[in-house]
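Okay, everyone, thanks for coming. Let me put the structure up, and then I'll walk you through it.

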Amino acid sequence: MLLIGENIHIISKKTRAAIVERNADFIRDLALRQQQSGVDYIDLNIGPAKKQQGTMKWLIETISDIISVPLSLDTTNLYEMEEGLTLLKNKCIPIINSTSGDPERLDSMMPMAQKYNANIICLTLNNISGIPKDPEGRLEIAMQIIEKAMELEIDNHRILLDPLLLPVSVSQDQVMESLNSIRVFKEAFDPPVKTIVGLSNVSNGSPKENRSLINNVFLLLAIGCGLDSAIVNAFDTDLKHIVNVVKTRQTVSESDNLILKLHDMMAEFGDLDDIEYDKNDPEQLKLYKTAQVLLNKNIYAHNYLNI
């Protein structure tokens with residue numbers, strides 16, 4: 001399971017201020033702590049970067065001497081993206097975040113991935129249909145993406161297909177469609193492609209105190225469906241615990257046993273109703289109730305844990 005740290009993100013007020021002010025100490029500390037947390041990549045998300053040219057270059061130069069993990073470059077600004085990739089050439093295998101199914105986006109981003117030998121995140125949406133409502137629609141866009149990659153001789157293992165996550169608080173039924181899309185993507189291509197999600201999207205709009213739980217239970221279910229990677233909060237210790245339990249299958253509590261049951265249920269196309277757990281254990285109850293909501297078996301409400 002590949003984890004990409006999301007914490008250098010222009011949407012954060014403190015991070016945005018540090019980038020605008022060129023506060024190298026803040027950025028270096030944030031990058032170093034993410035690496036120490038154990039993530040496999042660090043994402044540099046600068047958004048469109050219209051006002052300050054050279055932002056991606058500055059970020060890379062600021063942290064490159066203190067980190068050893070590779071980078072994911074996230075911007076819609078093609079100049080900033082290529083300037084960053086030029087700095088990384090022959091140093092690591094970066095990730096480009098991202099292209100979509102729009103022809104103009106494919107025509108600009110895929111050649112860049114080929115030129116710099118980069119992995120590339122591919123969002124299964126386009127400007128005609130938006131985000132399709134079902135796995136079949138997302139697969140249709142994915143096939144167009146793979147066709148473009150094949151034209152440029154980009155191997156499937158360098159493609160990370162994103163089924164796109166909508167918030168459970170807004171589009172509850174679509175959470176299950178994203179899980180089903182992961183399964184479809186993993187089965188549809190030979191050789192197989194990789195899959196990825198931006199994990200925090202699933203809990204957007206939910207109460208702050210529940211967001212980590214919602215994110216992490218979704219991640220657990222998605223790993224059971226074959227998910228390969230996720231963009232995550234590098235400092236979420238509960239997330240890392242869940243990933244470790246699934247990876248090692250070593251448990252230290254009854255909650256850990258439930259984690260494995262939920263994972264195996266998804267891997268084996270099982271039914272949540274068949275899982276046994278201790279309803280008197282608050283930790284197990286939170287895991288199970290969250291799984292019920294994400295699998296669309298109970299209606300989401302902000303106070304779903306208390307219902």
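**Around the barrel**

Let's start where β1 (residues 2-9) meets β8 (residues 229-232): 4 bridges join these two strands, and they run parallel. In that pairing, I4 sits opposite I231 of β8. From β7 the chain travels through helix α8 (residues 208-225) to reach β8, a β-α-β crossover that is right-handed. Right-handed here means that, with the strands pointing away from the viewer, the path from the first strand over the helix to the second runs clockwise. β7 and β8 also pair with each other, in the parallel sense, over 3 bridges, and I196 stands opposite S229 there.

Before I go further, a word on what you're looking at. This is a predicted model, where local features need pLDDT of at least 70 and side-chain atom pairs count only at pLDDT 80 or more, while totals for chains, interfaces and linings use all residues. Residues are numbered from 1 along each chain as its sequence is written, and side-chain values use heavy atoms, with hydrogens and water left out.

Helices (H or I, at least four residues) and strands (E, at least two) are DSSP runs, numbered from the N terminus. Two strands pair if DSSP finds at least two bridges between them.

So what do the strands add up to? They form a closed barrel of 8 strands, running from β1 in order through β8, with parallel pairing. Neighbouring strands are turned by 25° against each other on average, ignoring direction. Angles are taken between N-to-C directions, from 0 to 180 degrees, using axes fitted to C-alpha atoms, for helices over the stretch in contact.

**Strands and helices, inside and out**

Is β8 covered on one face or both? Both: S229 and I231 on one side, and A230 and V232 on the other, are all buried. Buried means under 20% relative accessible area, exposed means over 50%, and partly exposed is in between, with a 1.4 Å probe and protein chains only.

Over at β2 (residues 41-47), 5 bridges tie this strand to its parallel partner β3 (residues 71-75), with I42 opposite L71. Helix α4 (residues 78-88) lies across β2, β3 and β4, at about 165° to β3.

Now look at helix α3 (residues 55-63), where 7 of 9 residues are buried. Among them are M56, W58 and L59. What covers those buried residues? The cover includes β1, α1, α2, β2, β3 and α4, where contact means heavy atoms within 4.5 Å.

**Backbone oddities and cysteines**

A couple of peptide bonds deserve a look. The one from N97 to S98 is cis, with omega near 20°, and S98 is in strand β4. D190 and P191 are also joined by a cis bond, with omega about 0°; P191 is in the loop between α7 and β7.

Then there are positive phi values outside glycine. F269 has phi near 55°, in the loop between α10 and α11, and is exposed at 57% relative accessible area. N296, in the segment after α11, has phi of about 65° and counts as partly exposed at 41%.

Last, how many disulfides? Counting pairs of cysteine sulfur atoms within 2.5 Å, we get 0. C92 is in no disulfide, and the nearest cysteine sulfur, that of C122, is 18 Å away. C92 is partly exposed at 26%, whereas C225 is buried at 7%.
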